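The following exercises concern helix packing, backbone geometry and surface pockets. Each task is followed by a solution worked in steps.

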Amino acid sequence: VTRGHRYDLVCLRATLASPARYLGMIGSRKRVGEIMALLREEAVPAALLERVSAPIGLDIQAETPAEIAVSIVAEVIAAFKGGSGLPLRDKRGRG
């Protein structure tokens with residue numbers, strides 16, 4: 001994430017092949033699509049592009065900056081811990 005997305009492309013190029021366990025990009029679906037299209041034009045392998053979570057965050061219908069931050073942190077924790085992101089009631093079953 002860079003201010004105004006000015007260096008997003010540069011940062012993604014530099015980190016795509018890294019051993020990082022989580023790569024993410026914040027931004028609108030349009031902006032993310034534009035960046036991904038540029039990387040595809042540069043012949044970046046699809047397997048590397050698939051590593052990028054974009055836009056980042058879990059779908060909790062977040063609107064405020066604090067809610068968006070919670071959705072992003074939840075996704076990062078799930079990625080590191082191997083969580084599904086599903087509600088616990090769905091994971092444990094009903095009954």
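**Exercise 1. Determine whether the length of helix α2 agrees with its residue count, and which face of the helix is buried.**

Solution. Step 1: α2 covers residues 29–41, 13 residues in total, and its first and last C-alpha atoms lie 18 Å apart, close to the 18 Å expected at 1.5 Å a residue. The expected span is 1.5 Å times one less than the number of residues. Helices (H or I, at least four residues) and strands (E, at least two) are DSSP runs numbered from the N terminus. The model is predicted, so local features need pLDDT of at least 70 and side-chain atom pairs count only at pLDDT 80 or more, while totals for chains, interfaces and linings use all residues. Residues are numbered from 1 along each chain as its sequence is written, and side-chain values use heavy atoms, with hydrogens and water left out.

Step 2: the buried residues of α2 are Val32, Ile35, Met36 and Leu39. Viewed down the axis of α2, these buried residues fall within an arc of 95°, so they line one face of the helix. The arc is that of the directions from the helix axis to the C-beta atoms. Buried means under 20% relative accessible area, exposed over 50%, and partly exposed in between (1.4 Å probe, protein chains only).

Step 3: Lys30 and Glu41 are exposed on the other side of α2. The buried residues of α2 pack against α1 (8–15), α3 (46–49) and β2 (52–53), where contact means heavy atoms within 4.5 Å.

**Exercise 2. Identify the buried residues of α1 and state what covers them.**

Solution. Step 1: Asp8, Leu9 and Leu12 are buried in α1. Seen down the axis of α1, the buried residues occupy an arc of 95°, so they line one face of the helix.

Step 2: the cover over the buried residues of α1 includes α2 and β2.

**Exercise 3. Analyse helix α4 in the manner of Exercise 1, and then place Phe80 and Ser53.**

Solution. Step 1: the 17 residues of α4 should span 24 Å at 1.5 Å a residue, and the end C-alpha atoms of α4 are 24 Å apart, which agrees.

Step 2: Ser71, Ile72, Glu75 and Ala78 are the buried residues of α4. Down the axis of α4 they fall within an arc of 125°, so they line one face of the helix. On the other side, Pro65, Ala66, Val70 and Lys81 are exposed.

Step 3: the buried residues of α4 pack against β2. Ser53 belongs to strand β2 and counts as buried at 18% relative accessibility. Leaving out residues up to four places away in sequence, Ser53 touches Tyr22, Leu23, Gly24, Met25 and Glu75.

Step 4: Phe80 lies in α4 (residues 65–81) and is partly exposed, with a relative accessible area of 40%. With residues up to four places away in sequence not counted, Phe80 touches Arg21 and Tyr22. Between the C-alpha atoms of Phe80 and Glu67, 13 residues apart along the chain, the separation is 20 Å.

**Exercise 4. Where are the positive phi values and the cis peptide bond?**

Solution. Step 1: most residues other than glycine have a negative phi, and most peptide bonds are trans.

Step 2: Ala43, in the loop between α2 and α3, has a positive phi near 65°. Ala43 counts as exposed at 60% relative accessibility.

Step 3: Gln61, in the loop between β2 and α4, has a positive phi of about 60° although it is not a glycine. Gln61 is likewise exposed, at 61% relative accessibility. Just after α4, Gly82 adopts a positive phi of about 80°.

Step 4: the peptide bond from Ala54 to Pro55 is cis, with omega near -15°. Pro55 is located in the loop between β2 and α4.

**Exercise 5. What is the volume of the largest pocket, and which residues lie nearest its centre?**

Solution. Step 1: on a 1 Å grid over the protein atoms alone, a pocket is an open set of points where a 1.4 Å probe fits, with protein on both sides within 12 Å along at least five of seven lines; lining residues have an atom within 4 Å of a point. Grid points are joined across faces, edges and corners, and a volume is the space filled by probe spheres set on the points.

Step 2: the largest pocket holds about 280 Å³ of space. Of its 13 lining residues, Pro55, Ile56, Gly57, Leu58 and Ser71 lie nearest the centre.

Step 3: the lining comprises seven nonpolar, four polar and two charged residues. Ala, Val, Leu, Ile, Met, Phe, Trp, Tyr, Cys and Pro count as nonpolar, Asp, Glu, Lys and Arg as charged, and the others, Gly among them, as polar.
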